[in-house]
Amino acid sequence: MNEIFNFRKQLNITKVLIFSTITVIILITGIIFFIPNKDNVHSSKSLPVTNEDQILPFEDKNKQISLSLNNSYGLKQFDSTQGYILELRSDKDLNIFIEKEDLIEDRILYNIVTQDKEIYIKEFSSKSNISDIREVTFKNNSKGYTYCFHYQDPKTKKPYYLQIIWAQGNDGYYVISIDFPLDMLTTFSGIINEVINKFNFN
């Protein structure tokens, strides 16, 4: 009888030891699993900024206007030989030209843009998809107007997209021309709103 009791006692002790060992293993595994990896935490907080994520500021020589655009467009500033106060070009054939025109007294900006559109598009022998004039709002909350159309380069016969944006400053009008190959419309479609939202002028 005592032998049976001792056997059961040893069996119970063995069960307790096995259960305790399993419990400890589960706890250790859980602790290891839930402790965050320091290397992963560090790397997630210090992801490198690529060149394409950088914002490049551009401004005219007299610092009257400025424009900050994403570096992914590959734009570079050039000294203009055509009277632009800001001339940006990229190897991807994306161009942004900004010129300044004198204010016209007692003239509404919308009427000026309407007349400009009628005259300007006549300079293109091959054009299509001419848009209506629409109102835009700039960063300083002033209003402007824009229109766009497609045209064909007479030399290369390549189709292009052209967006014209008018803004009225304190001492003049700013006319922004954005053009690029029509087959790049999907790639560059976002730059129109980016220019409108990032264009600073007085």
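Is Glu 59 buried, partly exposed or exposed? In this predicted model, Glu 59 counts as partly exposed because its relative accessibility is 34%, and the close-up views below begin with the hairpin around this residue.

**View 1. The hairpin of strands E1 and E2, with a salt bridge between Glu 59 and Lys 63.**
Strand E1, which covers residues 55–59, runs antiparallel to E2 and is joined to E2 by 5 bridges; in one of these pairings, Leu 56 has Leu 69 as its bridge partner in E2. Between the two strands of the hairpin there are 6 residues, and Lys 63 takes a positive phi near 55°. The side chain of Lys 63 meets that of Glu 59 in a salt bridge, with a distance of 2.5 Å from N to O. Lys 63 has a relative accessible area of 59% and is therefore exposed, whereas Glu 59 counts as partly exposed.

**View 2. The open sheet of E1, E2 and E11.**
The sheet has 3 strands in the order E1-E2-E11, and their pairing is antiparallel. E1 and E11 stand at the edges with a single partner strand each, so one side of each is left without a neighbour in the sheet. Strand E11, made up of residues 199–200, is joined to E2 by 2 bridges, and the bridge partner of Leu 67 in E11 is Phe 199. The side chains of E2, which spans residues 66–70, alternate along the strand: Leu 67 and Leu 69 point to one face and are buried, while Ser 66, Ser 68 and Asn 70 point to the other face and are not buried.

**View 3. Helix H5 and the largest nonpolar core.**
Helix H5, which holds residues 191–198, lies across E2 and E11 and runs at about 145° to E2. Val 195 touches Leu 67, Leu 69, Ile 96, Ile 165, Ile 176 and Ile 178, when residues up to four places away in sequence are not counted. The largest nonpolar core has 28 residues, of which Leu 75, Ile 96, Ile 178, Ile 191, Val 195 and Phe 199 touch the most other members. At least two residues of this core come from each of E2, strand E4 (86–90), E5, E9, E10 and H5. A second core, separate from this one, contains 16 residues, among them Leu 109, Leu 162, Tyr 173 and Val 175. In soluble globular proteins, nonpolar side chains tend to be buried together.

**View 4. Aromatic pairs and an aromatic cluster.**
A pair of aromatic rings is described by the distance of the centres and the angle of the planes. The model contains 17 aromatic pairs. In one of them, Phe 138 and Phe 199 are edge-to-face, with 6.1 Å from centre to centre and 65° between the planes. This pair links distant parts of the chain, since Phe 138 lies in the loop between strand E7 (134–137) and strand E8 (143–152) and Phe 199 lies in strand E11, 61 residues apart. Phe 138 counts as buried because its relative accessibility is 3%, and Phe 199 also counts as buried, at 1% relative accessibility. Tyr 161 and Phe 180 form a stacked pair, with 5.1 Å from centre to centre and 20° between the planes. Tyr 161 lies in strand E9 (residues 159–168) and Phe 180 in strand E10 (residues 173–181), so the pair ties together parts that are 19 residues apart in sequence. Both Tyr 161 and Phe 180 are buried. Elsewhere, one aromatic cluster is formed by Tyr 120, Phe 124, Phe 149, Tyr 151 and Tyr 160.

**View 5. Salt bridges of Arg 89 with Glu 87 and of Asp 171 with Lys 100.**
Side chains of opposite charge can pair when their charged atoms come close. The count of salt bridges in the model is 3, including the one between Glu 59 and Lys 63 in the hairpin view. The side chains of Arg 89 and Glu 87 meet in another, with 2.8 Å from N to O. Glu 87 counts as buried because its relative accessibility is 6%, while Arg 89, at 28% relative accessibility, counts as partly exposed. Asp 171 forms a salt bridge with Lys 100, and their closest N and O atoms are 3.0 Å apart. This pair links distant parts of the chain, with Asp 171 in the loop between E9 and E10 and Lys 100 in strand E5 (residues 95–101), 71 residues apart. Asp 171 counts as partly exposed at 46% relative accessibility, and Lys 100 is partly exposed with a relative accessible area of 25%.

Note on methods
Residues are numbered from 1 along each chain as its sequence is written. This is a predicted model: local features need pLDDT of at least 70, side-chain atom pairs count only at pLDDT 80 or more; totals for chains, interfaces and linings use all residues. Side-chain values use heavy atoms; hydrogens and water are left out. Buried means under 20% relative accessible area, exposed over 50%, partly exposed in between (1.4 Å probe, protein chains only). Helices (H or I, at least four residues) and strands (E, at least two) are DSSP runs, numbered from the N terminus. Two strands pair if DSSP finds at least two bridges between them. Rings of Phe, Tyr and Trp (its six-membered ring) pair if their centres lie within 6.5 Å; planes under 30 degrees apart count as stacked, over 60 as edge-to-face and the rest as tilted. Contact means heavy atoms within 4.5 Å. Axes are lines fitted to C-alpha atoms, for helices over the stretch in contact, and angles run from 0 to 180 degrees between N-to-C directions. A salt bridge is a side-chain nitrogen of Lys or Arg within 4 Å of a carboxyl oxygen of Asp or Glu. A nonpolar core is a set of buried Ala, Val, Leu, Ile, Met, Phe, Trp, Tyr and Cys residues joined through side-chain atoms within 4.5 Å.
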